[in-house]
Every structure is written in C-alpha cells, then in structure tokens.
Amino acid sequence: MASRRIAQSSINWAALAERVPPNQKANLAAFKTKSDKYLRSVVANPETAPKIDWAFYKKNVPVAGMVDKFQQAYEALQIPYPPDNVTKLVEAQEKEVQQEIAKFVKESEARIAEHQAQIATLKSLLPFDQMTMEDYRDSFPEQALDPINRPTFWPHTPEEQEPGAPNAEPHH
C-alpha cells in the first residue's frame with residue numbers, strides 16, 4: 001500500500017489571502033482553520049499502523065486458532081488509497097478558464113485602446129468652458145442643436161418633441 005504522507009500543507013495561504021476579497025476574509029480564515037485541523041489529525045497518527053505482537057496473543061488467548069484467524073484476516077486487509085479522478089477535470093477547467101482570461105484580456109486591451117483614442121480626441125478639442133455654440137456644433141454635429149435642419153421645441157429633450165418630428169429621436 002503506497003500512500004502519500006502529508007507532512008505539511010501544500011497551500012500557499014499568504015498568496016491565497018492576497019487574492020481573496022475583503023468581504024470573504026472570514027470565510028478564508030474558517031477554511032484555513034478547518035484545513036489545519038484536518039492536517040493536524042493526519043500528522044498526529046503514525047504513517048503505518050502499529051505492529052501487533054501476535055506471539056503475545058497466541059500465548060495468552062485460550063481459544064485455539066482464534067489468534068491465527070485474526071492474524072490472517074488482519075494481514076489480508078488492504079485499504080486502497082483512493083484514485084485521483086478529479087485532478088484531470090480541474091486541470092481541464094483551469095485550461096478553459098485560462099483561455100477565457102486570455103480572451104477577456106485581449107478584449108479589454110481593445111476596449112482600452114478604443115477609450116484611449118476617445119480620450120485623445122476629447123483632449124484635442126477646445127476645453128468645454130472655452131467653446132462657443134458654433135465650436136460645439138462643429139465638434140459634435142449629431143448632438144448640437146440645429147434649428148434650421150432639425151428644429152426642436154424647448155426644453156429640447158427627446159420627451160418634449162412631437163412624435164414623428166425629424167428630431168424626435170433621442171440624442172446621445
């Protein structure tokens with residue numbers, strides 16, 4: 001029976017604690033306490049079962065053959081180490097998550113580049129406090145008021161416009 005002996009926890013608790021959000025710290029502490037308790041209970045027991053002095057029992061037990069029967073049954077007992085059939089599933093799931101992360105990072109970088117381009121465009125404009133209505137119309141023609149081509153009624157909000165009017169669509 002080849003079993004793996006656990007001497008200490010293989011979990012890097014400090015690295016794990018850095019990744020846990022503040023509202024989950026109590027759950028992590030409870031989990032670590034439970035894990036440490038299990039580890040202590042495993043380490044408290046010897047790696048192999050204690051040897052039984054069968055000769056002592058043969059000499060002191062009056063029923064003939066009883067100790068031999070127990071010895072044969074004890075030595076025939078094999079407790080297999082449970083097979084690891086979960087690690088491959090976890091590794092496959094980890095690969096999927098890594099692919100999702102890579103996809104998300106790539107999409108995020110594209111969004112960042114798009115937003116940086118928008119920021120650069122806004123920075124290239126005149127400051128809004130220095131802009132005239134004409135400057136605003138030239139910079140944002142789709143949002144500016146255009147009383148000749150797209151007349152609107154005061155207060156010029158989409159809710160206040162007549163249905164079917166050329167400028168009844170909301171502006172963003």
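The exercises below work through the fold and the side-chain pairings of this protein, which is shown as a predicted model.

**Exercise 1. Describe the secondary structure of the protein and the extent of its burial.**

Begin with the elements themselves: the protein has six helices and zero strands, and reading along the sequence gives the pattern α-α-α-α-α-α. Turn next to burial, where 10% of the 172 residues count as buried. The accessible surface comes to about 15200 Å², and carbon and sulfur atoms contribute 59% of that surface. Finally, consider the contacts in the protein with a separation of 6 or more, of which 28% join residues 24 or more positions apart.

**Exercise 2. Determine how lysine 32 and aspartate 36 are placed relative to each other, and state whether each is buried or exposed or in between.**

The general principle is that side chains of opposite charge can pair when their charged atoms come close. Here, the closest N and O atoms of lysine 32 and aspartate 36 are 2.8 Å apart, and the two residues form a salt bridge. Both belong to helix H2 (residues 25-44), and because they are four residues apart in that helix, about one helical turn separates them. For the accessibility step, buried means under 20% relative accessible area; aspartate 36, at 18%, is therefore buried, whereas lysine 32, at 31%, counts as partly exposed.

**Exercise 3. Find which helices are linked by the salt bridge between aspartate 68 and lysine 58.**

First establish the pair: the side chains of aspartate 68 and lysine 58 meet in a salt bridge with an N to O distance of 3.1 Å. This pair links distant parts of the chain, with aspartate 68 in helix H4 (residues 66-76) and lysine 58 in helix H3 (residues 54-60), 10 residues apart. Aspartate 68 is partly exposed at 36% relative accessibility, and lysine 58 is likewise partly exposed, with a relative accessible area of 42%.

**Exercise 4. Complete the list of salt bridges, and then name the members of one aromatic cluster.**

The structure holds three salt bridges, and one of them joins arginine 137 to aspartate 138, with the closest N and O atoms 3.5 Å apart. The accessibility cut-off for exposed is over 50%, so aspartate 138, at 54%, counts as exposed, while arginine 137, at 40%, counts as partly exposed. As for the rings, the count comes to five aromatic pairs, and Phe128, Tyr136 and Phe140 form one aromatic cluster.

Key
Residues are numbered from 1 along each chain as its sequence is written. This is a predicted model: local features need pLDDT of at least 70, side-chain atom pairs count only at pLDDT 80 or more; totals for chains, interfaces and linings use all residues. Side-chain values use heavy atoms; hydrogens and water are left out. A salt bridge is a side-chain nitrogen of Lys or Arg within 4 Å of a carboxyl oxygen of Asp or Glu. Helices (H or I, at least four residues) and strands (E, at least two) are DSSP runs, numbered from the N terminus. Buried means under 20% relative accessible area, exposed over 50%, partly exposed in between (1.4 Å probe, protein chains only). Rings of Phe, Tyr and Trp (its six-membered ring) pair if their centres lie within 6.5 Å; planes under 30 degrees apart count as stacked, over 60 as edge-to-face and the rest as tilted. Contact means heavy atoms within 4.5 Å. Accessible areas come from the Shrake-Rupley method with a 1.4 Å probe; for residues, only the protein chains shown count as cover.
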